[in-house]
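Here are some short exercises to work through with the structure open beside you. Try each task on your own before you read the solution.

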Amino acid sequence: MDKVVALCKRRGFIYPSSEIYGGISGFWDYGPLGVELKKNIKNEWWKSMVQLRDDVVGIDASIIMNPEVWKVSGHIEAFTDPLVECKHCHKRFREDHLRDLRARVPSTGVGSVQSKKEFTDLVYCKDGRKHEWMKPRNFNLLMEVMLGTVDKNMAYLRGEITQGAFVNFQNVVDSTRVKIPFGIAQIGKAFRNEITPGNFTYRSREFEQMELEYFIQPNDKEGQKWFEYWKKQRMDWYVSLGMNKQKLRFRPHEQNEKAHYAKKAEDIEYQAPFGWAEFEGIHHRGDWDLSRHKLTYKDPDSGEEYTPWVIETSGGVDRSSLFFLLDSYSEQNGRTILRLHPKLAPYKVGVFPLVSNKAVLVDKAKKIYNDLRGSFTAAWDDRGNIGKRYASQDEIGTPFCITVDYETLEKDSVTIRERDSAKQERIPIEKIPQYLQKKLL
Ligand code: ATP
């Protein structure tokens, strides 16, 4: 984990937010490579969930909504986490996290730097006294904002993007040709006043979600069918983008951990260095939301009116980005290789002249580079030797590197090197776009 965090900073994937002022707990900035990775994840999600489907449409709802939404949705009352606080030093933990840490720390030993620190934080205050935890208090996670200049009104930054889909349910039905079963998909920022942000970007206070609300007929048979269907779709999606199957699992929620809206819930978890960790939830929300918002659906064929049930898939863009990074990180003979799926890699291709002091080679390579940039994200590198440039691209996951050499000038061909196998082949310049396109399918 520490190595990935360091790589993210060094190569421009993720930086602490407002770092020059000491940062701010629970907020992160994505750098030049991080923004590409995140964009690729979102694009792939959108493609599979909206673009390739007849039964799903997308929306982009606002972050701040009428506060009534959060009252009706139950978030003001029930969107809470239990907080425990130390009587002496006021250190705070989410009660269930404290329990998890207690269970984990002894079993991991106090070997690693991280677990040593966790162990110390758990038992002792900064002044060396032992913590004395007070009784847990419930703490609402919604972040408040003030609207207006003179007459200020309180509103909330959305705690989940979900509600935007429900409040637009009627708009979507009226303005498109969707019929049940159908879904509304959305990607966007959500905000939570997390008690203990941590594990790098895993638990942030500002994060992005990618969600589908899928509306179905209200009966158990349909509920079961679509719940299973979406579980499989979502797990298959992560695997199709290269995530190691052995490190993925479903975990059904216990009765006492289900959200206030959930009839049934299962998480997709990844085996992270800090333990199995949720990064997507499949939720059977029943008719909770639509009935709270007093929304119904009239079947255009039968005329029957009813409150649809909802199956939700709720994934985190930041947690996915982190797990794709952790999963693809590898070291070979002292070199770091990020084995990201080509679809997710920030740069699809690197282009280099064999040497940087021969204008004919540089010009030829620049032309290839500029021609490719219209269709692929491409990196240019003419520093150091070829070996160093390959290593530098391997470290950020660039799947293909093209070198322009003297043979290029004679035969209009280049060498193209594949990241994972380090194999090189020679191909005509005109075939490069097709070659890359095929690998990106
Ligand atoms: P947790 O139990 O870890 O707090 P949750 O069950 O409250 O998560 P959901 O409300 O189901 O999470 O949110 C759906 C998804 O949104 C999560 O699977 C995760 O990917 C993402 N998410 C939720 N909270 C955060 C957060 N604080 N930071 C980053 N991503 C988050």
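**Exercise 1: Two unusual phi angles**

Task: Find where N333 lies, and decide whether N333 counts as buried or exposed.

Solution: Begin with the position: N333 sits in the loop between strand 17 (329–332) and strand 18 (335–338). Keep in mind that you are looking at a predicted model. Next, look at the backbone: N333 has a positive phi of about 45°, although it is not a glycine. To see what stands out here, recall that most residues other than glycine have a negative phi. Finally, count neighbours: a residue is exposed if 12 or fewer other C-beta atoms lie within 10 Å of its own. N333 has 5 C-beta neighbours inside 10 Å, so N333 counts as exposed.

Now repeat the steps for D412. This residue is found in the loop between helix 14 (406–411) and strand 22 (413–418). D412 is not a glycine, yet its phi is positive, at about 55°. D412 counts as exposed because it has 11 C-beta neighbours inside 10 Å.

**Exercise 2: A special peptide bond**

Task: Is the peptide bond from I180 to P181 cis or trans?

Solution: Read the omega angle first: for the bond from I180 to P181 it is near 5°, and the bond is cis. For background, most peptide bonds are trans. Then place the proline: P181 lies in the loop between helix 8 (169–175) and strand 9 (182–191).

**Exercise 3: Build a sheet**

Task: What is the strand order in the open sheet of 5 strands?

Solution: Going across the sheet, the order is 20-19-21-22-23, and the pairing is mixed. Strand 20 (378–380) and strand 23 (424–428) are the edges, each pairing on one side only. On average, neighbouring strands of this sheet are turned by 30° against each other, direction ignored.

Zoom in on one pair. Strand 22 and strand 23 run antiparallel and are joined by 5 bridges. In strand 23, P428 is the bridge partner of S413.

Now add the helices. Helix 12 (residues 359–373) lies across strand 19 (349–353), strand 20 and strand 21 (400–404). Helix 13 (residues 386–395) lies across strand 19, strand 20, strand 21 and strand 22. As for direction, helix 12 runs at about 165° to strand 19, and helix 13 also runs at about 165° to strand 19.

**Exercise 4: Around the ligand**

Task: Which element gives the most residues to the shell around the ligand?

Solution: Start with the residues themselves. There are 16 around the ligand, and F207, G281, S314, G316 and R319 come nearest. The elements that give two or more residues to this shell are strand 10 (206–216), strand 13 (275–286), strand 16 (309–316) and helix 11 (317–328). Strand 13 gives the most, with 4 residues. Last, sort the shell by class: 8 residues are charged, 6 polar and 2 nonpolar.

**Exercise 5: Step back**

Task: How far apart are the C-alpha centres of domain 2 and domain 3?

Solution: First locate the domains. The assignment gives domain 1 (2–68 + 141–328), domain 2 (80–140) and domain 3 (349–439). The C-alpha centres of domain 2 and domain 3 lie 51 Å apart. Then view the whole chain, with its 15 helices and 23 strands. Its C-alpha atoms fill a box of roughly 70 × 70 × 50 Å, taken along the principal axes. Of the 441 residues in the chain, 33% are buried.

Notes. Residues are numbered from 1 along each chain as its sequence is written. This is a predicted model: local features need pLDDT of at least 70, side-chain atom pairs count only at pLDDT 80 or more; totals for chains, interfaces and linings use all residues. A residue is near a molecule or strand if its C-beta atom, placed from the backbone, lies within 6 Å of it. Ala, Val, Leu, Ile, Met, Phe, Trp, Tyr, Cys and Pro count as nonpolar, Asp, Glu, Lys and Arg as charged, and the others, Gly among them, as polar. Domain bounds come from an automatic or database domain assignment. A residue is buried if 20 or more other C-beta atoms lie within 10 Å of its own, exposed if 12 or fewer, and partly exposed in between; C-beta atoms are placed from the backbone. Two strands pair if DSSP finds at least two bridges between them. Axes are lines fitted to C-alpha atoms, for helices over the stretch in contact, and angles run from 0 to 180 degrees between N-to-C directions. Two residues are in contact if their C-beta atoms, placed from the backbone, lie within 7 Å.
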